[in-house]
Amino acid sequence: MHVSDEDLHAAEQLRWGISRLASRLRAEQPGSGRPLPRLSASLLSHLKHSGPLTVSELASIEGVQAQSLTRVLHDLEQQGRVTRTRSAADRRRQDIALTAAGEQALREHVRDGNAWLAEALARHLSPAERGLLRLAGQLMQQLAAVETGSQGREGADAGAAPRGTAGPL
């Protein structure tokens, strides 16, 4: 498939916008206490929005080897933020689930950034622009779920988020 110059330009602008906004949101995180490391926050977010997942599923979503998550998941379990149980479907696998403490830690982690973003949206964008951003957020989640070499839009259910697709932190 040939990618047009227009699509390449759109991709560049989108990546730059995402990168700048992500940097700004990180800057708005609380400076006190012990913030969650990026990977811990990401794992908790996936579990919050997708329900229990296996280590392999989490690793696939993050684009890392399952062994790379061993220490992070161990730490989260020791902190009471996740639980591990044997999968009912396959006793060789473990399901990782978010606990109430994990959900609270994630909520506290993103609170200040979300407050800053909500205020910026309300102050600087029209209702129509905010609506476009809500739609853009949904579209970015769809793009994040696209697998390399997978079918296009017609093969995906546009109304449902694929398993492992995290919603907002």
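Me: Which residues of helix α3 (residues 55–62) are buried?
Reply: The model is predicted: local features need pLDDT of at least 70, side-chain atom pairs count only at pLDDT 80 or more, and totals for chains, interfaces and linings use all residues. Residues are numbered from 1 along each chain as its sequence is written, and side-chain values use heavy atoms, without hydrogens and water. Helices (H or I, at least four residues) and strands (E, at least two) are DSSP runs, numbered from the N terminus; buried means under 20% relative accessible area, exposed over 50%, with partly exposed in between (1.4 Å probe, protein chains only). The buried residues of α3 are Val55, Leu58, Ala59 and Glu62.

Me: Why do these buried residues lie on the same side of α3?
Reply: An α-helix has 3.6 residues a turn, so residues three or four places apart point the same way. The arc is taken from the directions from the helix axis to the C-beta atoms. The buried residues share one side of α3 because they cover an arc of only 100°.

Me: Which residues are exposed on the other side of α3?
Reply: The side opposite the buried residues holds two exposed serines: Ser56 and Ser60.

Me: Against which elements do the buried residues of α3 pack?
Reply: Contact means heavy atoms within 4.5 Å. The partners comprise helices and strands: α2 (38–50), β1 (53–54), α4 (70–78) and β3 (94–98).

Me: What percentage of the residues in the protein chain is buried?
Reply: The protein chain has six helices and three strands. Of its 169 residues, the buried share is 24%.
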